[in-house]
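Q: Can you walk me through this one? I'd like the fold before the details.

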Amino acid sequence: MSYRIEYQWASWRLTAGPDTGGVDRFVVAIEGGDSNLRDAVTGKRARSWEVCMLGSAEQVLKQAVYFAGACEGGSLKPGSRDCSPEAYVRRIRRLIEDGAQPASGSWYPCIRVAEAHPLAVHATQLELTIEREQQYGDWFARIALSNERRNLIFDFADRFPDLRGWQLAAVGGLPAS
């Protein structure tokens, strides 16, 4: 049976302002992968970076509690070690409280939701560019945001709490472990 391993964590803080709804917002990215997947070339465990949590500090910690439940059952192992749910939440709390930006890399909006999701209708009302794409027989809406409007993802996270970070944003340029 496989389990998820988290290798590295990175966080960006966007200081409170009109674009962020007047509260600090965070984007938390995690490098991870499944214990039973290996890279065909190197033989090392396959891993990648993805945005796992985003929003206000309260929203990020709620998402951390959700993920921490997987630590209890052994299906999530930060650093490839067993971890209590409480320790996992503390790790994420320290990450966002520290406020240290990653030395390299950045986050960017990368919105991809099921075509029938209410966010697709909302994006149409906001006159955002939407592209349709099909993957494994299902249709998705890919919503484009300009740099000036990239903080709209936080509005989307507020309005549609069922969405996960990887459905709203992505990261690039972070070092692999």
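The chat below goes from the overall fold to single residues.

Q: What kind of model is this?
A: It is a predicted model.

Q: How many helices and strands does the protein have?
A: The protein has 5 helices and 9 strands. Along the sequence they come in the pattern β-β-β-α-β-α-β-β-α-β-β-α-α-β.

Q: And why does the radius of gyration agree with a compact globule?
A: Because a compact globule of 177 residues would have a radius of gyration near 16 Å, and the protein has 17 Å. The C-alpha atoms fill a box of roughly 45 × 40 × 30 Å along the principal axes.

Q: How much of the protein is buried?
A: Buried residues make up 40% of the 177 residues. The accessible surface comes to about 9700 Å². Carbon and sulfur atoms hold 50% of that surface.

Q: What share of the contacts is between residues 24 or more positions apart?
A: They account for 65%, counting contacts with a separation of 6 or more.

Q: Charges next. How many positive and negative side chains are there?
A: There are 21 positive and 22 negative side chains. The centres of the two sets lie 6 Å apart.

Q: On to the strands. Which way do β1 and β2 run, parallel or antiparallel?
A: Antiparallel. β1 covers residues 4-14 and β2 covers residues 25-34, with 10 bridges between them. R4 is partnered with D34 in β2. I5 is partnered with G33 in β2.

Q: What about β1 and β4, parallel or antiparallel?
A: Parallel, with 3 bridges. β4 is made of residues 76-78. I5 turns up again here: its bridge partner in β4 is K77. So I5 has a partner in β2, G33, and a partner in β4, K77.

Q: Back to β2. How many bridges join β2 to β3?
A: 7, and these two strands run antiparallel. F26 stands opposite G55 in β3. β2 also pairs with β1 through its 10 bridges.

Q: How many residues of β2 are buried?
A: 9 of its 10 residues are buried, so β2 is mostly covered.

Q: Where is W49?
A: W49 sits in strand β3, residues 48-55.

Q: And is W49 buried or exposed?
A: Buried, because its relative accessibility is 17% and the cut-off for buried is under 20%.

Q: What does W49 touch?
A: Leaving out residues up to four places away in sequence, W49 touches Q8, W9, A10, A29, I30, E31, V171, L174, P175 and A176. Q8, W9 and A10 fall in the range of β1, residues 4-14. A29, I30 and E31 fall in the range of β2, residues 25-34.

Q: How far apart are W49 and I111?
A: Their C-alpha atoms are 16 Å apart in space. In sequence, W49 and I111 are 62 residues apart.

Q: Change of topic: H122. Where is it?
A: H122 is in helix α3, residues 118-125. H122 is buried, with a relative accessible area of 12%.

Q: Which residues does H122 touch?
A: F156, R159 and F160, not counting residues up to four places away in sequence.

Q: What lies just before that helix?
A: A loop between β6 (111-114) and α3, which holds A116. A116 counts as exposed, at 76% relative accessibility. The C-alpha atoms of A116 and W139 are separated by 8.5 Å. Those two residues are 23 residues apart along the chain.

Q: And where is E127?
A: E127 is in the loop between α3 and β7. E127 is exposed, with a relative accessible area of 72%. E127 has a positive phi of about 60° and is not a glycine.

Q: Why flag a positive phi?
A: Because most residues other than glycine have a negative phi.

Q: Which way do β7 and β8 run, parallel or antiparallel?
A: Antiparallel, with 7 bridges. β7 is residues 129-135 and β8 is residues 138-144. Q135 has D138 as its bridge partner in β8.

Q: What is in the turn of that hairpin?
A: The hairpin has 2 residues between the strands. Y136 lies in that loop. Phi of Y136 is near 55°, a positive value in a residue other than glycine.

Q: Is Y136 buried or exposed?
A: Exposed, at 78% relative accessibility.

Note on methods:
Residues are numbered from 1 along each chain as its sequence is written. This is a predicted model: local features need pLDDT of at least 70, side-chain atom pairs count only at pLDDT 80 or more; totals for chains, interfaces and linings use all residues. Side-chain values use heavy atoms; hydrogens and water are left out. Helices (H or I, at least four residues) and strands (E, at least two) are DSSP runs, numbered from the N terminus. The radius of gyration is taken over C-alpha atoms; the globule rule is 2.2 Å times the number of residues to the power 0.38. Buried means under 20% relative accessible area, exposed over 50%, partly exposed in between (1.4 Å probe, protein chains only). Contact means heavy atoms within 4.5 Å. Accessible areas come from the Shrake-Rupley method with a 1.4 Å probe; for residues, only the protein chains shown count as cover. Lys and Arg count as positive and Asp and Glu as negative; His and the chain ends are not counted. The place of a charge is taken as NZ of Lys, CZ of Arg, CG of Asp or CD of Glu. Two strands pair if DSSP finds at least two bridges between them.
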